[in-house]
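Okay, thanks for making time, everyone. Let me put the structure up on the screen, and then I'll talk you through it.

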Amino acid sequence: MTLAARDLRWGVAGRMIVDGVTLNAAPGRILGLIGPNGSGKSSLLRLLCRLRNVAGGVVTLDGRDIAAVPRRELARRLAFVEQQATTEVQLSVCDVVRLGRTPHRAALASWSEADEAAVDQALARVGLQHRHDQLWHTLSGGERQRVHIARALAQEPSELILDEPTNHLDIQHQLAILTLIRKLGITCIVALHDLNLAALFCDEIALMQEGRLLAAGAPEEVLTEETIRSVFGVAVAIRPGVSGRRHIEYLIDVPPFAVVPAASSAA
Amino acid sequence: MSHAAHGPNWPARIGAGFLSLIALAFAIALAVTIGEMRIPLDTALKALGNGLFDLGLPVSPIQQGVIFDYRLSRALMAALCGGSLAISGAILQALLRNPLAEPYILGISAGASTGAVAVLILGVGGLTLGLSAGAFIGSCAALAVVALLASGAGGASDRVILSGVATSQLFNAATATIVTTLASAEQARGVMFWLLGNFGGVRWGDLWIATPIAFIGFGICMLHAKALDAFAFGADSAAALGVAVTRVRVVLFVATALMTAVMVSIVGTVGFVGLVIPHAARFLVGASHARLLPACLVGGALFMIGADILSRVLVPQQILPIGVVTALFGAPAFAVILYRARRPA
């Protein structure tokens, strides 16, 4: 076991955002986190990498409470890719990836061969070696996301947490990013919006609603017509896709619930 | 290939350090020889020798006093002040992620002057240490107000500047209130002149305080150079990279407030150095703080010595306040940065 959460609670201004979540990430597998907007996915991810302090419950890494792990040590184990993080600073691609070496370097240590190797390898894994010296603000959205993933990989983590890494990307880049994540072979927890992509790429899926974890398990167990209708409020038909994974088709003419037709209420 | 540019390139570092020292020595030599009283270079060098090493060379006491006690202390103070303010600007820009952040615009200088004026007028003691301590309390208070306003307004980086403007106004009003209600006419005139920035009153005693503060501040900032780099994508990103965000922020904000406060208590409020120099330095050496901060130290020092020389020669028979000279350069630079920051992300 790697990263686990037990009965996590966190809120702002008296409102619970994450309410009693218990979760286990299996080693080397991809855990997809899905749920409607505002269901607490981003907050949960931030609690898992201790960017926020839990109000209740505990996050453990190999059984050890992460609140007791020094932040630098934690960053050598656990990397986080934020949603759409950008900067005004003039940085090149390799400058950004180099930031991933921060937790491995002492305050006055100079740049080492090991650091350089980790950066080169991270860039190669996301396929951006040739963009080494390109400036950050000239990159496309998909390239920026890949650079962020390379930065996270330069941390040499064994657990990677990604907050909607496919947001605002076209479908080609969405697939490219998720294929890349699948190939990493490290434990990943990734928040996703697209249910089909979640079904296609995740080994396990956790479904959140209003801060609570409704279901967790294999995609075919979690993604059912009933759960999707009740959580997302859309009618769907689910059948096996060509890939062998489940395919979710949205039914726009079918009302998600047995609502009273508008005409009859007018009469 | 690439690690040549980023590894411990000692020849380049030593070369840059050596060039910086030569440039600084040259600037100080210029500052010591240029002025109302025409003093030839060889006399100036003799006076320096007498002052520093007690050589007993023949120099008239007046010239000796002008060169050593007046112009040299003034030039060194200008160097320390410029370097400290430029570093403070670079730190604030990195931590607040706003290219317009600097001690003057954020009201930290205003807070420091309120604190110093309070000590001066309320008479806790005219000693520099008393003034500096007052200025430090004032600058920390201003920083706290900015932080409170900015976080109350949602904490976005553009709110910080608005909060700074408000804080600046608040503390300037406080200073004006203290001066108009409690100061004598003569005190008021002195305070107003000092507020605009003025190296005229600098004596050796001031350097004994400013020198350690400038170098300790620089050292603390250099120790945090890598952490500062990690703030490029925001505080959460820095935290995820293993930076103890709260501790680093507190340490560096206090260091910035301290450097600003000590310089303001000696020299008065000098604007725009903290804004212009970091941007110019970034243009020359890049965004990495391990190179940016030393470049700011040297660049700020050179800029301020130059500004001080200009303030003495621009208008014959008269010394312009140093803040006026820096603003003449700083305001257009501010406009350029504002214009460039328009670029959509």
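I'll go from the overall build of chain A to its sheets, then to the contacts, and finish with a couple of backbone oddities.

One thing to keep in mind from the start: this is a predicted model. So, chain A to begin with. It has ten helices and twelve strands. If you draw a box around its C-alpha atoms along the principal axes, you get roughly 75 × 40 × 35 Å. As for the radius of gyration, a compact globule of 267 residues would come out near 18 Å, and chain A has 20 Å, so the two agree. Of those 267 residues, 42% count as buried. And if you take contacts in chain A between residues at least 6 apart in sequence, 65% of them join residues at least 24 apart.

Right, the sheets. There's an open sheet of six strands in chain A, and the order across it is S6-S7-S8-S3-S9-S10, with mixed pairing. Which strands stand at the edges? Those are S6 and S10 of chain A; each has a single partner strand, so one side of each is left without a neighbour in the sheet. Going across this sheet, neighbouring strands are turned by 15° against each other on average, ignoring direction.

Let's look at two pairs in there. Strand S3, residues 30-34 of chain A, and strand S8, residues 187-191 of chain A, pair in the parallel sense over four bridges. If you want a spot to click on, Leu33(A) stands opposite Ala191(A) in S8(A). Then there's strand S9, residues 204-209 of chain A, which runs antiparallel to strand S10, residues 212-217 of chain A, with five bridges joining them. Here you can find Met208(A), whose bridge partner in S10(A) is Leu213(A). S9(A) and S10(A) form a hairpin with two residues between the strands, and in that hairpin Glu210(A) takes a positive phi near 45°.

Now the other sheet I want to show you. This open sheet has four strands of chain A in the order S2-S1-S4-S5, and the pairing is antiparallel. At its edges you'll see strand S2 (15-24) and strand S5 (64-65) of chain A; each of them has a single partner strand, so one side of each is left without a neighbour in the sheet. Strand S1, residues 3-12 of chain A, pairs with S2(A) in the antiparallel sense over seven bridges. To find that pairing on screen, look for Ala4(A), which has Asn24(A) as its bridge partner in S2(A).

And what about helix H1, residues 41-48 of chain A: which strands does it touch in the six-stranded sheet? H1(A) packs on that sheet and touches S3, S7, S8 and S9 of chain A, with its direction at about 150° to that of S8(A). H1(A) also lies across S1, S2 and strand S4 (56-61) of chain A, running at about 120° to S1(A).

On to domains. Chain A is divided into domain 1, which is 3-89 + 155-223, and domain 2, which is 225-267. Their centres, taken over C-alpha atoms, are separated by 27 Å. The contact between them takes 13 residues from domain 1 of chain A and ten residues from domain 2 of chain A. On the domain 1 side, helix H7 (195-201), S9, S10 and helix H8 (219-222) of chain A each supply at least two residues. H7(A) gives the most, with four residues. By class, that side of domain 1 has ten nonpolar, two polar and one charged residues.

There's also the contact between chain A and chain B, with 26 residues from chain A and 25 residues from chain B. On the chain A side, helix H2 (71-77) and strand S6 (78-81) are the elements that give two or more residues. H2(A) gives the most, with four residues. By class, the chain A side has 14 nonpolar, six polar and six charged residues.

Last bit: two more positive phi values. Glu164(A) has phi near 40°, and this residue sits in the loop between strand S7 (159-163) and helix H6 (171-184) of chain A. Buried or exposed? Glu164(A) counts as buried, because it has 21 C-beta neighbours inside 10 Å. Over in chain B, Arg97(B) has phi near 55°, and its place is the loop between helix H4 (61-96) and helix H5 (108-122) of chain B. Arg97(B) is buried too, with 20 other C-beta atoms within 10 Å.

That's my tour, thanks.

Definitions and conventions. Residues numbered from 1 in each chain as written. Chains lettered and ligands numbered in written order. Predicted model: local features only at pLDDT ≥ 70, side-chain atom pairs only at ≥ 80, totals over all residues. Pairing = 2+ DSSP bridges. Contact = placed C-beta atoms within 7 Å. Nonpolar A, V, L, I, M, F, W, Y, C, P; charged D, E, K, R; others polar. Domains from an automatic or database assignment. Rg over C-alpha atoms; globule rule 2.2 N^0.38 Å. Buried ≥ 20, exposed ≤ 12 C-beta atoms within 10 Å, placed from the backbone. Axes fitted to C-alpha atoms, helices over the stretch in contact; angles between N-to-C directions.
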